[in-house]
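Have the structure open and ready to turn around as you read. We'll take it one piece at a time, beginning with a strand and its partners.

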Amino acid sequence: MDATEQNHLPKKKKSETEDDKRRKKIVPGSLLKALVRPGGGGSDSRPVDGDQVIYHCTVRTLDGVVVESTRSECGGRGLPIRDVLGKSKMILGLLEGIPTMHKGEIAMFKMKPEMHYAEKDCPVSAPENFPKDDELHFEIELLDFAKAKIASDDLGVVKKILNEGEGWESPREPYEVKARISAISGDGKEILSHKEEPYFFTFGKSEVPKGLEIGIGTMARKEKAVIYVRKQYLTESPLMHIAQDLEEVHFEVELVHFIQVRDMLGDGRLIKRRIQDGRGEFPMDCPLQDSRLSVHYKGMLLNEEKTVFYDSRIENNDHPLEFSSGEGLVPEGFEMCTRLMLPGEIALVTCPPDYAYDKFPRPPGVPEGAHVQWEIELLGFETPRDWTGLDFQSIMNEAESIRSTGNRLFKEGKYELAKAKYEKVLREFNHVNPQDDEEGKVFGDTRNMLHLNVAACLLKLGEWRKSVETCNKVLEAKPGHVKGLYRRGMAYMAGGEYEDARNDFNTMIKVDKSSESDATAALLKLKQKEQEAESKARKQFKGLFDKRPGEITEVGSEIREESKTIEEIDETKDDEIEEIQEEEERTRTVVGTERKRKWSEKAWPIMKNVMVQIGIQLGVALLGVLIFQLVSSRFT
C-alpha cells in the first residue's frame, strides 16, 4: 500500500477525555485574554498535553484587589505552580488559556465564575473564603514548560530530560549508582550545591530521598535531567536534611554510571555484580536461550584469604571454558548468572553452597558447604540454530539432536534439565507443518515419543498426576499406543491407583500381543506393590484388637509414633486428603448398618481397604478414631 492510499484510510478517532468534555461547556465571552508581556518562540512553541507547565498566578477582583497569589511581593510564598497538562486537575479557564501562551509570556485572563471554581463538578476545590461566584482576573506568567516524564501517579515526582542518555536500561534495586546531584527549593533557593565528585549510593537502601530515587529509576546511563519532587516524597537520607517547611525540591541529576547488581534468588544469597560492561543491550543480547558459551573464570572461597581454587587463564593454559547451557555442565548458580551477561562483560558472582558445589562435583580445595565467589568473563556465545526456513528433514535432525541430549541428561539423573530439552522441541513443533502423510507420520511419532519422555521425567520427579496428564495427550491422539499405556500404568502405580494401572497393563496385552511380556512384568510388580501395602497395614495394626477399652488412649499414641516412621518411607500427597475423608465416611456408614457383627471381624477388612487404597500415612489418625467407635459399640 503506497502513501497516497494510506492518506485516504479513515483515521482512528481518539477517545474523548474528561478535559475535552469540559471544554465543550465553554461559551463565548466567558474567557477573555489580554497580553501583558509577550514571550519567546513561534506559534508552535506552546505547551501541549503531556507537558509540564510552571507558572506564577495572581488572582484579582475586577477592582484590582488581590485575592490570592503565588508571588511573594503579592503576599504569596514565592513558590510557582507546577502542573502537567492533561494529567493535573486544573480550573477550566487555565486548562484552556495556558496552552495559548509562550514561555516567558505574561497574560491576563478575565474569567466568568463558571470558568474557575464555580464550574459545575469542578475537579479543583476553591480555597477558603475564595469569591468563587465572582468574575475575576487571573494574571499568569508562564515560566517554563517541557515534555514531562511522570514517575509517580500522584504527580509527586516528575522528570524533565535535559540531555538524553545511552541505552534503555535504568537502575533498580540493588544497583550501585554514581550521580552528580544538586538541588534547589521550589522558590529557587540552593539546598545542595553542585559537586564535581559523583555521589555513590545503593539503589533501594534509602540513601537518597525517596522521590529522587524514583526519578533516577527512570533515567538511562549518562542522562541529565531535572527531577521535581513534592513534599510527600522528600524523605530523610544521608544525602541531605529535609527542612519541615520544604514543599518541593528540584534536583538536577547527571547519571554518571551504574553497576548492575542482581539478586538472582530474591533472598540475598546469590548475587551477580557487573564489574565491567559488555557489548550490546541488556537483556536482548544475553544468552537467555540454551547456547554454546565461552568464558574465562576464577573461583575463590569466601574466606578471609579469598583462596583461589581455580583460574582458567592459569590452569587451562589460557584456554577458555566452553560449555552448553541447559545441560548441567556447570554449577546452577554459575549458569544462572552467565545467562544474564553480555559479551565482554565481567561479573563477580557470590554463590551459596546449594547453588555451587554441594550438588556438583567439587574441585580440589573446595570443602563441602563452601560459599564461593566466581569472577566470570563472558567471551562470547553461539545461539541455537534457527529452524525458520529449514526443510522437514533438517528440522527432524535438529529435534533428534536435542532429544538425544535430553536422553543423556535423563540417564545422568538430571530430570528437570532433560524435561526442559524435550519441552523445548515440543514448543518448536507448534510451528512445524508436515507436507504429506509420510512426514505427518514421522512428525506424530516423534511428538508422541517426546511427550512420553516428559512423562518419564515427571514420574522421576514425583509428579505422577502430571505424568498421567502428559500420557493422556498421546492416548487421546492414539488410544492404543502401547508405550503410552505402559507409561500411564506406571504413573498410576506410583500414585497408588492400582485398578487404573491394572486396566492399562491389561489393555496393552489386548492391543498388542508382543507387549505381553512387558505387561506381565508390570502386573507382577503391581501385585507386589499391593501386597507390600497390605503387609504394611497388617504390621501397623498387629495386636491392636487385643487391647481393652481402657487401653485405647495408649493405642492411639502407639499409632501416632508408628506413623512418623511410615511418613519417612512414603510421603502422602496433599491431594489424597479428600479421598481419605470420603473413605472415612463410607467406613462409618458400613459400621452403623452392621453393628451386630463381631467387631473384630468387621474392623480388619475396613482398615485393610483404607490402608491399601489410600495409603497409611494420613489414614493412621483416621483409623484410630474409627477403632474407638467400633470398640465403643462393642460395649454398648
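**A strand and its partners**

Let's start at strand E16, which is joined to strand E18 (residues 321-324) by four bridges, with the two running antiparallel. If you want one pair to look for, find Ser294, which sits opposite Glu322 in E18. Keep in mind as you look around that this is a predicted model.

E18 isn't the end of the story for E16. Strand E20 (residues 372-382) also pairs with E16 in the antiparallel sense, this time over ten bridges. Here you can pick out Met300, whose bridge partner in E20 is Gln373. Then there's strand E17 (residues 308-311), antiparallel to E16 as well and joined to it by three bridges. For that pairing, look for Gly299 across from its bridge partner in E17, Tyr310.

E16 and E17 form a hairpin with six residues between the strands, and there Lys306 takes a positive phi near 50°. So is E16 mostly enclosed or open to the outside? Eight of the ten residues of this strand (residues 292-301) are buried, so E16 is largely enclosed by the rest of the structure.

**On to the helices**

Now move along the chain to helix H8, residues 415-429. A quick check on its length works out nicely: at 1.5 Å a residue, its 15 residues should span 21 Å, and the end C-alpha atoms are 21 Å apart, which agrees.

Which residues of H8 are buried? They are Ala418, Lys419, Lys421, Tyr422, Lys424, Val425, Leu426 and Phe429. A bit of background helps when reading a list like that: an α-helix has 3.6 residues a turn, so residues three or four places apart point the same way. As for what they touch, the buried residues of H8 pack against helix H7 (392-411) and helix H9 (437-460).

Over in H7 you'll find Thr405. With a relative accessible area of 16%, Thr405 falls under the 20% cut-off, so it counts as buried. Setting aside its neighbours within four places in sequence, Thr405 is in contact with Glu327 and Lys421. Lys421 is one of the buried residues of H8 that we just met.

Further on, there's a stretch with a label from a record. UniProt lists residues 482-515 as "repeat: TPR", in an unreviewed entry. In the model, that span is 79% helix and 0% strand, and its end C-alpha atoms lie 8 Å apart.

**Cysteines, and the whole chain**

What about disulfides: how many does a search of the whole structure find? The count is zero. Two cysteines are still worth a glance. Cys57 counts as buried at 8% relative accessibility, and Cys122 is buried too, with a relative accessible area of 19%.

Time to zoom out. The protein chain has 17 helices and 20 strands, and buried residues make up 43% of its 636 residues. Of the contacts in the chain with a separation of 6 or more, 69% are between residues 24 or more positions apart.

Finally, how confident is the prediction? The chain averages a pLDDT of 86, and 83% of the residues score at least 70. Over residues 551-623, though, the pLDDT is below 50, and this stretch has 79 contacts in the model beyond near neighbours in sequence. Residues 625-636 also have a pLDDT below 50, with 18 contacts in the model beyond near neighbours in sequence.

Terms used:
Residues numbered from 1 in each chain as written. Predicted model: local features only at pLDDT ≥ 70, side-chain atom pairs only at ≥ 80, totals over all residues. Heavy atoms only, no water. pLDDT = per-residue confidence, 0-100. Contact = heavy atoms within 4.5 Å. UniProt positions renumbered as here; feature names shortened; annotations may be inferred. Expected span 1.5 Å × (residues − 1). Buried < 20%, exposed > 50% of the residue type's maximum accessible area, 1.4 Å probe, protein only. Pairing = 2+ DSSP bridges. Disulfide = S-S within 2.5 Å.
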